[in-house]
Amino acid sequence: MDIRIFAPHWGSNDLAPGVFIERVKAAGFDGIEMSLPLDAAQRDDWRARIADAGLLLIAQQWETVFHPEFDAHRDALATYLANACAARPLFVNTHTGKDFYTHEQNLELIALTGRIAREHGVPIVHEIHRSRFSGHPMLLLPYLRELPDLELTADLSHWCCACESLLDDQPATLAATLPHVRHIHARVGHAQGPQVSDFRAPQFAAELARHLQWWDRIVALRRAAGATLMTITPEFGPVPYTQSMPFSGEPLSDAWDLNVAMLRLLRERYAA
């Protein structure tokens with residue numbers, strides 16, 4: 001199975017496209033995961049630049065967070081997903097629904113993503129993320145029972161935060177969830193937040209070990225299923241995900257440096 005590792009655009013949005021793409025190539029990533037502009041010309045420019053650089057593309061949709069009212073959220077979801085699919089990425093990673101929508105409303109949104117995926121011939125996977133329909137294990141499990149083909153992005157750092165634990169007490173939850181994972185966001189969380197300040201620090205050894213254990217299991221499950229490709233995006237984020245000093249606002253760590261360090265760790269761990 002081929003394992004490809006992607007750079008997040010999140011945190012580097014201030015860089016010009018050419019500068020960012022060169023940074024990604026120099027670090028040794030296989031591709032870019034990003035939210036694409038709604039302007040078709042800008043979207044296609046990004047797509048062409050990424051392809052010309054020999055990089056792969058995973059498209060993101062997270063902007064529906066700005067649309068809490070259900071009808072507006074549904075309309076925005078359709079718009080952003082169609083735009084993402086138009087770029088012909090490997091797949092689209094979407095933030096879908098809200099934890100305060102009804103079960104039926106979230107099912108409607110998931111069904112909408114399925115129709116758009118079939119229309120465009122582009123897979124769409126749903127990210128495990130706080131405040132979305134998947135924001136807590138007990139929110140997600142009913143959807144997995146009803147929708148056995150539901151495909152997920154595993155960002156389990158969010159569940160660490162939501163459950164205030166490293167999920168030691170939820171083996172059945174993980175056993176039900178991990179077979180649905182098709183993409184990994186490789187960020188290390190802890191019981192009080194979705195991102196440790198530096199996963200290389202010895203005080204976070206237990207958190208790193210637990211996340212690696214989950215990722216190893218996902219990779220093993222995909223191999224056993226006969227998958228030919230597994231994708232992973234290190235996704236340490238900027239302030240406020242990266243903790244900062246009071247008053248000065250100085251970040252305690254550099255998110256890009258953490259993502260490159262995680263790239264190297266994953267390359268070594270999953271080398272053929």
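Start by selecting Phe20, Arg23, Val24 and Ala27 in α1, then add Trp256, Val260 and Leu263 in α9: these two sets of residues meet each other. Colour that contact by class and you get 6 nonpolar residues, no polar ones and 1 charged. Before going further, keep in mind that what you have open is a predicted model.

Now show the two helices whole. Helix α1 covers residues 17–27 and helix α9 covers residues 255–269. Their axes come within 11 Å and cross at roughly 35°. The crossing of α1 with α9 is right-handed.

**Next stop: the other partner of α9**

Keep α9 on screen and add helix α8, residues 205–224. Here the packing angle is about 50°, and the axes of α8 and α9 lie 13 Å apart. Angles from 35 to 65 degrees count as oblique, so α8 and α9 are oblique to each other. This crossing, too, is a right-handed one, with α8 passing α9. To see who does the touching, select Leu208, Leu212, Trp215 and Asp216 on α8, together with Met262, Leu265, Leu266 and Arg269 on α9. Sorted by class, the α8 and α9 contact has 6 nonpolar residues, no polar ones and 2 charged.

**A third helix pair**

Hide those and bring up α4 (residues 103–120) with α5 (residues 137–146). The axes of α4 and α5 come within 12 Å, and the crossing angle is roughly 55°. That makes α4 and α5 oblique to each other, therefore expect neither a parallel nor a perpendicular look. The handedness of the α4 and α5 crossing is right-handed. On the α4 side, pick His103, Asn106, Leu107 and Ile110; on the α5 side they meet Pro142, Tyr143 and Glu146. By class, the contact of α4 with α5 holds 4 nonpolar, 2 polar and 1 charged residues.

**Over to the pockets**

Switch to a surface view and look for the largest pocket, which has a volume of about 450 Å³. It is lined by 22 residues, and the ones closest to its centre are Trp10, Gln60, Trp62, His95 and Glu235, so put those five in sticks. Then select strand β2, residues 31–35: β2 gives the most to the lining of the largest pocket, with 3 residues. What classes make up that lining? Count 8 nonpolar, 7 polar and 7 charged residues around the largest pocket.

The second largest pocket holds about 240 Å³ of space. To find it, select Leu90, Phe91, Pro123, Val125, Glu151, Arg182, Arg222, Ala227, Thr228, Leu229 and Thr231, which line it. Its lining divides into 6 nonpolar, 2 polar and 3 charged residues.

**Two backbone spots to finish**

Zoom in on Val239 and Pro240, and show the backbone atoms. The peptide bond joining Val239 and Pro240 is cis, with omega at about 15°. Pro240 sits in the loop between β8 (229–233) and α9, and α9 is the helix that α1 meets through Trp256, Val260 and Leu263.

Last, go to Leu167. Which sign does phi have at Leu167? Phi is positive there, about 65°, although Leu167 is not a glycine. Leu167 has its place in the loop between α6 (157–163) and α7 (171–177), so select both helices if you want to frame the view.

How values were computed:
Residues numbered from 1 in each chain as written. Predicted model: local features only at pLDDT ≥ 70, side-chain atom pairs only at ≥ 80, totals over all residues. Heavy atoms only, no water. 1 Å grid on protein atoms, 1.4 Å probe; cavity = no way out; pocket = protein on both sides within 12 Å on 5 of 7 lines; lining within 4 Å. Points joined across faces, edges and corners; volume = space filled by probe spheres on them. Helix = DSSP H or I, 4+ residues; strand = E, 2+ residues; numbered from the N terminus. Nonpolar A, V, L, I, M, F, W, Y, C, P; charged D, E, K, R; others polar. Axes fitted to C-alpha atoms, helices over the stretch in contact; angles between N-to-C directions. Left-handed = near helix turned anticlockwise from the far one by under 90°. Contact = heavy atoms within 4.5 Å. Parallel < 35°, antiparallel > 145°, perpendicular 65-115°, else oblique.
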